[in-house]
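I set out to record, entry by entry, what I looked up in this structure. The notes follow the order of my queries.

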Amino acid sequence: MGFNFDQYTAEGNTFLNDYAKQMSMENDRDRAGRIMTSILYALRDIISPTESMQFIAQLPMIIKAIYVNGWAIGKKRTRVKNLKDFIQLAKKHDGTASTNDFGYDDDAAEDYIQTTFLFLKNYVSQGELEDIRDVLPKGLKNIIPSHIINE
């Protein structure tokens, strides 16, 4: 099996372009990419490595690479009990760009998180989204609203 980096790049660009459009950030792909990455990293920090591997198996190769970049698999998982904690974790992963990317209030961040999972539904099976939702703490299950799973 050979590597087709051009194909991986094309798939990654399509993914990011579609995501930026879903986020109404067509003219700021970099910002959309940072937001997506920080949300994926926050998710990665709270679900098991096994669940992470099942989740990313369905994503384009470049997005898989982004997900695992810097991942310390053996690291103790972060305890996140509610949406506010998840938002703070995502902002932490976004670093100095977080104020620009997510804004000052959590309303925009909450919208971005829900839009991200709505978008991921195009790539990740309903069953996998349900599996992830099932392992989330009660106060965090709403990051994957049941209505996007049952559509």
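**Entry 1: Tyr 19 and helix α1**

I began with Tyr 19, which is found in helix α1. I note at the outset that the model is a predicted one. I asked whether Tyr 19 is buried or exposed. Its relative accessibility is 0%, and Tyr 19 therefore counts as buried, the limit being under 20%. I then looked up the distance from Tyr 19 to Thr 116: C-alpha to C-alpha, the two are 7.7 Å apart in space, with their positions 97 residues apart in sequence.

**Entry 2: the loop after α1**

I moved on to Ser 24, whose place is in the loop between α1 (5–22) and α2. The backbone angle drew my attention: phi of Ser 24 is near 60°, which is a positive value in a residue other than glycine. I recorded a relative accessible area of 61% for Ser 24, so this residue is exposed.

**Entry 3: helix α2**

I checked the length of helix α2, residues 29–46. At 1.5 Å a residue, its 18 residues should span 26 Å. The end C-alpha atoms of α2 are 26 Å apart, which agrees. I had to recall that the expected span takes one less than the number of residues.

I next asked how many of the 18 residues of α2 are buried. The number is 15, so α2 is largely enclosed by the rest of the structure.

**Entry 4: salt bridges**

I looked up the salt bridges, and the count comes to two. As general background, I noted that side chains of opposite charge can pair when their charged atoms come close.

In one of them, Asp 101 pairs with Arg 34, and the closest N and O atoms are 2.8 Å apart. Asp 101 lies in helix α6 (residues 98–102) and Arg 34 in helix α2, so this pair ties together parts that are 67 residues apart in sequence. I compared the cover of the two partners: Asp 101 counts as buried because its relative accessibility is 0%, whereas Arg 34, at 30%, counts as partly exposed.

A salt bridge is also formed by Asp 106 and Lys 91, with 3.1 Å between the closest N and O atoms. Since Asp 106 lies in helix α7 (residues 106–120) and Lys 91 in helix α5, the pair ties together parts that are 15 residues apart in sequence. Here I found Asp 106 partly exposed, with a relative accessible area of 24%. Lys 91 counts as buried, its relative accessibility being 11%.

**Entry 5: charged patches on the surface**

I asked which residues gather in a patch of positive charge on the surface. They are Lys 76, Arg 77, Arg 79 and Lys 81. I placed Arg 77 in the loop between α4 (61–68) and α5 (83–94). Arg 77 has a relative accessibility of 47% and so counts as partly exposed.

I then turned to the negative surface patch, which is formed by Asp 105, Asp 107, Glu 110 and Asp 111. Asp 107 lies in helix α7. With 53% relative accessibility, Asp 107 counts as exposed, because the limit for that class is over 50%.

**Entry 6: α4 and the loop that follows**

I located Ile 66 in helix α4. Its relative accessible area is 26%, so Ile 66 is partly exposed. From Ile 66 to Gly 33, I read 10.0 Å in space, C-alpha to C-alpha, and 33 residues in sequence.

I found Trp 71 in the loop between α4 and α5. At 17% relative accessibility, Trp 71 counts as buried, since it falls under 20%. Trp 71 and Arg 44 are 27 residues apart in sequence, and their C-alpha atoms are 8.3 Å apart in space.

**Entry 7: Ala 90 in α5**

I closed with Ala 90, which is found in helix α5. Ala 90 is buried, with a relative accessible area of 0%. I looked up how far Ala 90 lies from Tyr 112: the pair is 22 residues apart in sequence and 11 Å apart in space, C-alpha to C-alpha.

Technical notes:
Residues numbered from 1 in each chain as written. Predicted model: local features only at pLDDT ≥ 70, side-chain atom pairs only at ≥ 80, totals over all residues. Heavy atoms only, no water. Patch = residues over 30% accessible without salt bridge, like charges linked within 9 Å, V, L, I, M, F, W, Y side chains within 5 Å. Areas by Shrake-Rupley, 256 points an atom, 1.4 Å probe, with all protein chains shown as cover. Salt bridge = Lys/Arg side-chain N within 4 Å of Asp/Glu carboxyl O. Lys, Arg positive; Asp, Glu negative; His and termini not counted. Charge placed at Lys NZ, Arg CZ, Asp CG, Glu CD. Helix = DSSP H or I, 4+ residues; strand = E, 2+ residues; numbered from the N terminus. Buried < 20%, exposed > 50% of the residue type's maximum accessible area, 1.4 Å probe, protein only.
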